[in-house]
Amino acid sequence: MLLNTYEPWKFAFSQETENLKENSYGIIGVPFDSTTSYHSGARLGPIVVREASFGFEKYNTIFNKDLTTPFYDFGDVNVVPGNCKETCGIVEDTVNELLELNIKPIIIGGEHSASIGAIRALSEKYDKLTVIHLDAHRDLAFDFVGEKYSHATVMRRVHEMGVSLVQIGIRSASIDEEEYVKSTYDIQTFKNIDVHKHMDAIEYYLINIDGPIYISIDMDVIDPSIAPSVGNPTPGGLFISEIETIMESLAHKNVVGLDVVETASNRLGDNTAVVAAKIIRDFLTLVE
Ligand SMILES: [Mn+2]
């Protein structure tokens with residue numbers, strides 16, 4: 001029998017939500033981009049990333065594994081266009097609903113501010129949460145053009161929740177952000193050059209992290225020659241194999257949530273959407 005399983009509104013290989021298995025993963029989209037300062041369009045990220053997810057086969061030749069992890073696609077949250085704080089609150093409530101079902105969130109963005117709500121929910125559930133933040137930028141501004149809730153202030157709001165941060169791929173920051181990092185004891189930095197030249201040290205660091213981990217991936221961490229459709233493209237980024245190595249190091253840790261954000265495209269087959277879909281699919285293959 002031939003079945004057409006192409007359903008572009010759900011991530012490829014996601015299962016029906018009627019019979020939820022506990023301890024599995026739930027995808028939610030956050031189609032929001034109201035604080036974007038340069039290249040807009042991230043509100044369409046959840047659609048194009050889901051669509052791109054159908055370009056992959058179930059067997060993963062990088063990790064020699066089939067994608068067998070149960071996961072569900074719950075659709076998109078209702079965002080409030082123009083209101084970042086309100087939207088973060090809705091993401092937080094939705095993630096709390098998933099946590100009550102004992103399902104771990106995977107968020108497709110949308111601008112990076114979606115992480116604020118997700119991490120707030122998780123930081124209240126888990127003590128000693130570590131956020132692994134892959135990004136070209138630190139996102140540690142206290143405010144951005146007067147706004148406390150913005151794509152540029154995400155990790156400052158997150159750090160205020162009392163979580164530890166590990167920032168990987170950094171190659172752009174303000175002097176104020178650098179001073180803030182120096183004034184703290186729980187923000188670890190691995191710049192893009194560290195990833196290119198000292199991956200062994202980063203792997204060693206990651207596999208020795210204790211406690212629950214949340215992974216936040218801004219697609220601009222990847223080199224813009226590979227993933228150009230992002231809010232703030234920044235040259236000198238990571239390669240796909242480096243992302244694979246980092247994900248492999250983290251997959252067998254206690255990962256309690258993941259977001260893949262800032263895909264800003266409205267085009268089917270967009271490179272950045274394809275890479276974002278691959279990262280989510282790789283993660284689900286690895287965590288089984
Ligand atoms: Mn960024």
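**Group meeting talk: a walk across a parallel sheet**

In β10, the residue that bridges to Ile 108 is Val 260. I start with that pair, in what is a predicted model, and we'll work outwards from there.

So, which strands are we in? Ile 108 belongs to β5, and β5 pairs with strand β10, residues 255-261, in the parallel sense over three bridges. Turn to the other neighbour, and β1 pairs with β5, again parallel, over seven bridges. On that side, Gly 29 stands opposite Ile 108 in β5. That gives Ile 108 a partner in β10, Val 260, and a residue facing it from β1, Gly 29.

Now let's ask how β5 sits in the fold: are its residues buried or exposed? Seven of the seven are buried, so the strand is largely enclosed by the rest of the structure. Both faces are covered. On one side you have Ile 103, Pro 105, Ile 107 and Gly 109, and on the other Lys 104, Ile 106 and Ile 108. Yes, that list of buried residues does include a lysine, Lys 104.

Please also look at what follows Gly 109. The peptide bond from Gly 109 to Gly 110 is cis, with omega near 15°. Gly 110 lies in the loop between β5 and α3, residues 114-125.

Let's zoom out to the sheet. Eight strands make an open sheet, with parallel pairing, in the order β4-β1-β5-β10-β9-β6-β7-β8. The edge positions go to β4 and β8; each has a single partner strand, so one side of each is left without a neighbour in the sheet. From one strand to the next, the twist averages 15°.

Moving along towards the β8 edge, β6 and β9 pair in parallel over five bridges, and His 133 stands opposite Ser 216 in β9. There is a helix to notice here too: α9 packs on the sheet and touches β1, β4, β5, β9 and β10, with its direction at about 170° to that of β10.

Next comes the β6-β7-β8 end. Strand β6, residues 130-134, runs parallel to β7, and five bridges join them. One of the bridge pairs is Ile 132 with Val 166 in β7. To get from β6 to β7 the chain passes through helix α4, residues 154-160, in a right-handed β-α-β crossover. The story continues with β7 and β8, residues 187-191, which pair in the parallel sense over five bridges. Here Ile 170 has Lys 191 in β8 as its bridge partner. The link from β7 to β8 goes through helix α5, residues 175-182, and this β-α-β crossover is right-handed as well.

How many of the seven residues of β7 are buried? Six are, so β7, residues 164-170, is largely enclosed by the rest of the structure.

Back on the other part of the sheet, have a look at helix α1, residues 45-52. Eight of its eight residues are buried, so the helix is largely enclosed by the rest of the structure. Among those buried residues are Arg 50 and Glu 51, along with Ile 47, Val 48 and Val 49. What do they pack against? The answer is β1 (24-30), β4 (71-76), β5 (103-109) and α9 (271-286).

One loop residue deserves a stop: Met 219, in the loop between β9 (213-218) and α8 (240-251). Met 219 counts as buried because 33 C-beta neighbours fall inside 10 Å. Leaving aside residues up to four places away in sequence, Met 219 touches Ala 227, Val 230, Val 260, Val 261, Glu 262, Thr 263, Thr 272 and Ala 276. You'll recognise Val 260 in that list as the bridge partner of Ile 108.

Finally, two backbone angles for anyone who likes checking Ramachandran plots. Phe 13, in the segment before β1, has phi near 70°, a positive value in a residue other than glycine. Lys 128, in the loop between α3 and β6, also has a positive phi, near 55°, and is likewise not a glycine. Their surroundings differ: Phe 13 is buried, with 20 other C-beta atoms within 10 Å, whereas Lys 128 is exposed, with 12.

That's my tour, and I'm happy to take questions.

Notes:
Residues are numbered from 1 along each chain as its sequence is written. This is a predicted model: local features need pLDDT of at least 70, side-chain atom pairs count only at pLDDT 80 or more; totals for chains, interfaces and linings use all residues. Helices (H or I, at least four residues) and strands (E, at least two) are DSSP runs, numbered from the N terminus. Two residues are in contact if their C-beta atoms, placed from the backbone, lie within 7 Å. Two strands pair if DSSP finds at least two bridges between them. A crossover is right-handed if, with the strands pointing away from the viewer, the path from the first strand over the helix to the second runs clockwise. Axes are lines fitted to C-alpha atoms, for helices over the stretch in contact, and angles run from 0 to 180 degrees between N-to-C directions.
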